[in-house]
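This report covers salt bridges, strand pairing and helix packing.

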Amino acid sequence: MAFQTNKEATSSFSSSSSFSSTPSTHQRSYDIFLSFRGEDTRNGFTSHLHKTLCDKGFDTFIDNNLLRGGEISIELLKAIESSKVSIIVFSENYASSSWCLDELVKILECKKNIGQLVLPVFYNVDPSEVRGQKREFGVALTEHEAKFKDNIDKVQNWRMALKEVGNLSGWHYMNGYVIHDLCYAFMCFIILNF
């Protein structure tokens, strides 16, 4: 299992600060955690965003060759908890991944419990599709309901999380928007808010 971060870069955030989370205290290890559906954006938008953030000195967590299948790993949950900001890239197939949905629930838990900043990017999807689970998001959740019929509460938590994050102010990327401009907008927003 390998993780790509920019530990060597001098961050404009202090990575030594700690924060309290119920019930234990966590050390902040990352400035930014990137949540995304790898098949959709890993080799394009997300890799450009990751590189831009790292080039500007943000210690940015991105999964690289994590073994998929089963439940979300403890290491990934710890990376979410120890990040100051989470950027969620909602692509068309984001909700088809139970792994991504588990990340989303954890991110929103960290937003509520420890004040983590959550920044959504709606990548070629409308925020209303995420919020209302329409189109591919609706199809994916219906499939999850069949798959997790013995754990329907899990799917309901995913639905509530999608509704909540779909109501957050974020960035809407549609074909034609320059990726570099969006990355720059993220950096400016993050820098101005810390």
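Two strands pair if DSSP finds at least two bridges between them. Helices (H or I, at least four residues) and strands (E, at least two) are DSSP runs, numbered from the N terminus. The model is predicted: local features need pLDDT of at least 70, side-chain atom pairs count only at pLDDT 80 or more, and totals for chains, interfaces and linings use all residues. Residues are numbered from 1 along each chain as its sequence is written, and side-chain values use heavy atoms, with hydrogens and water left out.

**Strands**

Strands β6 and β7 run parallel, joined by 6 bridges. Isoleucine 87 stands opposite leucine 119 of β7. From β6 the chain passes through α4 to β7, a right-handed β-α-β crossover. Right-handed here means that, with the strands pointing away from the viewer, the path from the first strand over the helix to the second runs clockwise.

Strand β7 spans residues 117-123 and is mostly covered, with 6 of its 7 residues buried. Buried means under 20% relative accessible area, exposed over 50%, and partly exposed in between (1.4 Å probe, protein chains only). Strand β8 (residues 171-173) runs parallel to β7, and 3 bridges join the two. Tyrosine 123 stands opposite tyrosine 173 in β8.

**Salt bridges**

Side chains of opposite charge can pair when their charged atoms come close. A salt bridge is a side-chain nitrogen of Lys or Arg within 4 Å of a carboxyl oxygen of Asp or Glu. The structure holds 7 salt bridges. The table lists some of them.

| Lysine | Acidic partner | Closest N to O |
|---|---|---|
| Lysine 84 | Aspartate 31 | 4.0 Å |
| Lysine 154 | Aspartate 102 | 3.3 Å |
| Lysine 106 | Glutamate 109 | 3.0 Å |

Take aspartate 31 and lysine 84, whose closest N and O atoms are 4.0 Å apart. Aspartate 31 lies in strand β4 (residues 30-36) and lysine 84 in strand β6 (residues 83-90), so this pair ties together parts 53 residues apart in sequence. Aspartate 31 is buried at 1% relative accessibility. Lysine 84 is buried too, at 6%.

Next come lysine 154 and aspartate 102, joined at 3.3 Å. Lysine 154 belongs to helix α7 (residues 152-166) and aspartate 102 to helix α4 (residues 98-114), so the bridge links parts 52 residues apart in sequence. Lysine 154 is partly exposed at 23%, while aspartate 102 is buried at 16%.

Lysine 106 and glutamate 109 both sit in helix α4, 3 residues apart, about one turn of the helix. Lysine 106 is buried, with a relative accessible area of 12%. Glutamate 109 is partly exposed at 37%. Salt bridges with shared partners join Glu81, Lys106 and Glu109 into one network.

**Helix packing**

Axes are lines fitted to C-alpha atoms, for helices over the stretch in contact, and angles run from 0 to 180 degrees between N-to-C directions. Angles under 35 degrees count as roughly parallel, over 145 as roughly antiparallel, 65 to 115 as roughly perpendicular and the rest as oblique.

α4 and α7 pack at about 60°, with axes 9 Å apart. That makes α4 oblique to α7. Their crossing is left-handed: the near helix is turned anticlockwise from the far one by less than a right angle, whereas clockwise would be right-handed.

Helix α6 (residues 135-147) packs on α7 at about 160°, with the axes 9 Å apart. That makes α6 roughly antiparallel to α7. The crossing of α6 and α7 is right-handed.
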